[in-house]
Amino acid sequence: MTKLFPKIALAASLAFATGASSATETLRFAHFWPATSAVNTEVFEAWAKTVEDASNGQIKIDMYPSQTLVKAAKSYDGAVNGLADITGVVQGYSAGRFPLTEIVELPGITASAFQGSCILQSLYDSGDVAHEYDDTHVLFMFSTGPAYLHTREKEVKVPADLAGLRMRRPNEVAGSMLAEMGAAPVGIPAPGIYEALERGVVDGLSFPFEAMKIFRINELTNHHVQIPYGSSTFVATMNKRTYESLSPELKKVIDDNSGMKWAMKAAKVFNRLDQEGLAEAKAQGDSIHVINDPLNDPEWGMPLKNGTEKYLRNIEERGATTAREVYKKATELRSKCEA
């Protein structure tokens, strides 16, 4: 029996030297999307399975969807303070925290989830917005397709029709646009919209058709203005200490499943869901008013341009000195990032 000890000792020393370990790293991944949603199953769970397989089981990821571990508005802080190891975050829920990132949400920047995700990830990779995430380890960035306007009772065709309507806004950018057009913006995290609309707390909302399907909001709305006046941005990000505690081999697994590759995988899911959400609204017989070129539209163009200028000016005054440069670069990336 004693003859086995040298072999065991040799194996242990080799494992230490190569960084190999049989211990399993269990990571908690928290987000607010429903457990049954395609965002959870086809983006986050698919990412988790890829990472688990690539690590040969050395990384195990426990999923916490539906705000079961971290509330939607606190998702980024959850990754910063380690309440979760990984979180899926809507930057717009942390007003003022990611001002340069939210430039991607402005009118005319993106026409699809593919284009928005590509622009956003490119801006991160080039360092233009990376400093906004210095307190976490970013995995990948992505975005929705265009957020449109949806109402329950009143049909909206021109900005004047929004006057006095209480409209749920997803972020500061969209809120500024809605206020510019005469609406009263109301901040409500996505999981609370259904109840707010059902109870009459809001008259309508700004949402991409993907989210109208996922959160079942199509059930309550009857009118839609298909105007690409903005979008929402997201990030899947990791607690820094958790990432740094991984072995070099396991860090490589994470790194190999970060960046543009997964930004595009997420965009593919969001793009399909946009199509399904629109088809669902049409099947209900809802009214859909289409405005394809909002910035040059005689009714909608001026409020949206004014809203864009106001947002850029506001964040410049708060210290975002590169705001115009990032806006210019985002618009230039449109030709590189196909819709």
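This text walks through a five-stranded sheet, the helices that lie across it, and a pair of helices that cross each other. The model is a predicted one, and what is said below should be read as a description of that model.

The sheet is a good place to begin. Its five strands form an open sheet with mixed pairing, and they follow one another in the order E2-E1-E3-E10-E4. Strand E2, residues 59-64, and strand E4, residues 137-143, stand at the edges with a single partner strand each, so one side of each is left without a neighbour in the sheet. Averaged over the sheet, and with direction ignored, neighbouring strands are turned by 20° against each other.

Within that order, strand E3 sits between E1 and E10, and its two pairings can be followed in turn. With E1 the pairing is parallel and rests on two bridges, and here Ala30 stands opposite Thr87 of E3. With strand E10, residues 233-238, the strand E3, residues 86-90, runs antiparallel, and five bridges join the two. Along this second pairing Val89 stands opposite Val235 of E10, while Val90 has Phe234 as its bridge partner in E10.

How far is E3 covered? Five of its five residues are buried, which leaves the strand mostly covered. The residues of E3 point in two directions, with Ile86, Gly88 and Val90 going one way and Thr87 and Val89 going the other, and all of them are buried.

Helices lie across this sheet as well. Helix H2, residues 38-54, lies across E1, E2, E3, E4 and E10, and runs at about 160° to E2. Helix H10, residues 260-283, lies across E4 and E10, and its direction is at about 30° to E4.

A further contact to follow is the one between two helices. In general, two packed helices are described by the angle between their axes and by the distance between the axes. For helix H4, residues 113-125, and helix H12, residues 323-336, the axes come within 9 Å and cross at roughly 130°. That angle makes H4 oblique to H12, and the crossing of the two helices is right-handed. On the side of H4 the contact involves Gln115, Ile119, Ser122 and Leu123, which meet Val326, Lys329, Ala330, Leu333, Arg334 and Lys336 of H12. Taken by character, the residues of this contact divide into five nonpolar, two polar and three charged.

How values were computed
Residues are numbered from 1 along each chain as its sequence is written. This is a predicted model: local features need pLDDT of at least 70, side-chain atom pairs count only at pLDDT 80 or more; totals for chains, interfaces and linings use all residues. Side-chain values use heavy atoms; hydrogens and water are left out. Two strands pair if DSSP finds at least two bridges between them. Helices (H or I, at least four residues) and strands (E, at least two) are DSSP runs, numbered from the N terminus. Axes are lines fitted to C-alpha atoms, for helices over the stretch in contact, and angles run from 0 to 180 degrees between N-to-C directions. Contact means heavy atoms within 4.5 Å. Buried means under 20% relative accessible area, exposed over 50%, partly exposed in between (1.4 Å probe, protein chains only). Angles under 35 degrees count as roughly parallel, over 145 as roughly antiparallel, 65 to 115 as roughly perpendicular and the rest as oblique. A crossing is left-handed if the near helix is turned anticlockwise from the far one by less than a right angle, and right-handed if clockwise. Ala, Val, Leu, Ile, Met, Phe, Trp, Tyr, Cys and Pro count as nonpolar, Asp, Glu, Lys and Arg as charged, and the others, Gly among them, as polar.
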